[in-house]
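User: I'm new to this structure and would love a close look at just one part of it. Could you walk me through it?

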Amino acid sequence: MINSLFTFGTSDDLEMAKLVWLVRLRWAVILLFFFLAAPAYIFGFLTSATLTFYIGIICFLFLFNWLTQLTFISPTKKITPFFICFQLALDLIVLFSLLMITDGFVNPFIGLFILNAGLGAVLIRGQYSWPFIIICHVLLVALQLDYIINNINQLDKYNFLFMFVAHLLVFATWIVMRSLGSYLENHFKNFAQIRLRAERQDRLRSLGALAAGFSHEFASPLNTAKLRLDRLQKYLSKLSPSHEINENITEAQMGIAACESVIHQMNCSQLDVRDFRTKNISVNDLITDVIDSWKEENPEALLEIKMQKNINLQIPPINFAQVILNLLDNAIEASRHGKIQLLFDIDNDHARLIIHDEGPGFSDQILNRQGEPFITTKDHGTGLGLYVSNLFAQSLGGQLSLANKSPRGGQVMISWPLGVLHE
């Protein structure tokens, strides 16, 4: 029952799962009460007059459940928490009606009020949970008042104590089950997220293997085409070719260079965290060296650096350097003439690398699918830079997060828990 309720993808899926389970449970309850009609009549709980009402209530519940299953159990239907509350409240009213015609408060099945309260606590979330438990107590009071009226001369303090305990048990059950329901729901939400992340990683690994095969198969013919074009260019240079021929050869060489760049990025993206080799390094020195190298290719960049002093960490230096280069390249492409900020610090036993640019920010597509390869809004981008950075963060037990900052710009933050830290 628990797995069927909480292994879900969205809140709509969850409410539908609850309704499906309720309908199945109601069929079992209808069958139970139907077979109890004969024993109840034999032992005097039902009379000839009340038996008709009893069968009528069971038939009503049967028709209601049948219509619910026929009308609402569908992938296209959207089930709300209010509808679940309505379903359980109706079950409670039916139970109340059956008890009223079969000895009321002293009927052994009065304990089903506790069961209904527990079901409501688990299945009804949010603002409708409290009205449901109030309905439980109101109907229970109605049964008790009926008992008091019919047995006014036989009551003693133990009867009233039993009535109070009945309310206490119903409310206590509701509190405990509500707490348990919240815990289970959060637990299975986390489990579902972990499962989705695992499935996503499996897809990414498959995609990585495909990319590796793709780059291997295309590298040889690209090299051949490149060599042929170079030879053709040298041969034609002796014949004084027209400007149009030279332009076509140059564009073809540029196209091959672009393909080689994509293949190179694909090869760089095939990171296996098992191959990471960590070293205790000075992060300040590494970041400074990487930035100096990057500035040689981007002398126009307006880069502001903020780092805590004397930070030594146990990290894979080559992979960390590649991540910094990828993020800086993305930042300057987004904000060619804007300022780029790089921050590295230690916050609450977590290392943080933050890069902020003054570009247009990330699109909804990038924000919703961050960390996936080949997701990009750039005309000539591959979407592998953030993918590699995300793999790096995950290899250290951390995470990558993207955000748009006001009034302008995008921010990438990589955060991971510290293993070995010396300051």
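At what angle do the axes of helix 10 and helix 12 cross, and within what distance do they come?

Analyst: Happy to help! Please keep in mind that this is a predicted model. Helix 10 covers residues 317-334, and its axis crosses that of helix 12 at roughly 145°, with the two axes coming within 9 Å. The crossing of helix 10 past helix 12 is left-handed.

Now for the residues that meet there. Helix 10 contributes Asn319, Phe320, Val323, Asn326, Leu327 and Asn330, while helix 12 brings Gly385, Leu386, Val388, Ser389 and Phe392. Sorted by type, the residues of this contact are 6 nonpolar and 5 polar, with no charged ones.

Let's stay with helix 12 for a moment. This helix runs over residues 385-395 and is mostly covered, with 9 of its 11 residues buried. The buried ones are Gly385, Leu386, Tyr387, Val388, Ser389, Asn390, Leu391, Phe392 and Ala393. Just after the helix comes Gly397, which has a positive phi of about 80°.

Back on the other side, there is one more residue to look at. Asn298 sits in the loop that links helix 9 (283-297) to strand 2 (302-307). Asn298 counts as buried because its relative accessibility is 9%, under the 20% cut-off. Leaving aside residues up to four places away in sequence, Asn298 touches Asp329, Ile332 and Arg336.

Note on methods. Residues numbered from 1 in each chain as written. Predicted model: local features only at pLDDT ≥ 70, side-chain atom pairs only at ≥ 80, totals over all residues. Heavy atoms only, no water. Helix = DSSP H or I, 4+ residues; strand = E, 2+ residues; numbered from the N terminus. Buried < 20%, exposed > 50% of the residue type's maximum accessible area, 1.4 Å probe, protein only. Contact = heavy atoms within 4.5 Å. Axes fitted to C-alpha atoms, helices over the stretch in contact; angles between N-to-C directions. Left-handed = near helix turned anticlockwise from the far one by under 90°. Nonpolar A, V, L, I, M, F, W, Y, C, P; charged D, E, K, R; others polar.
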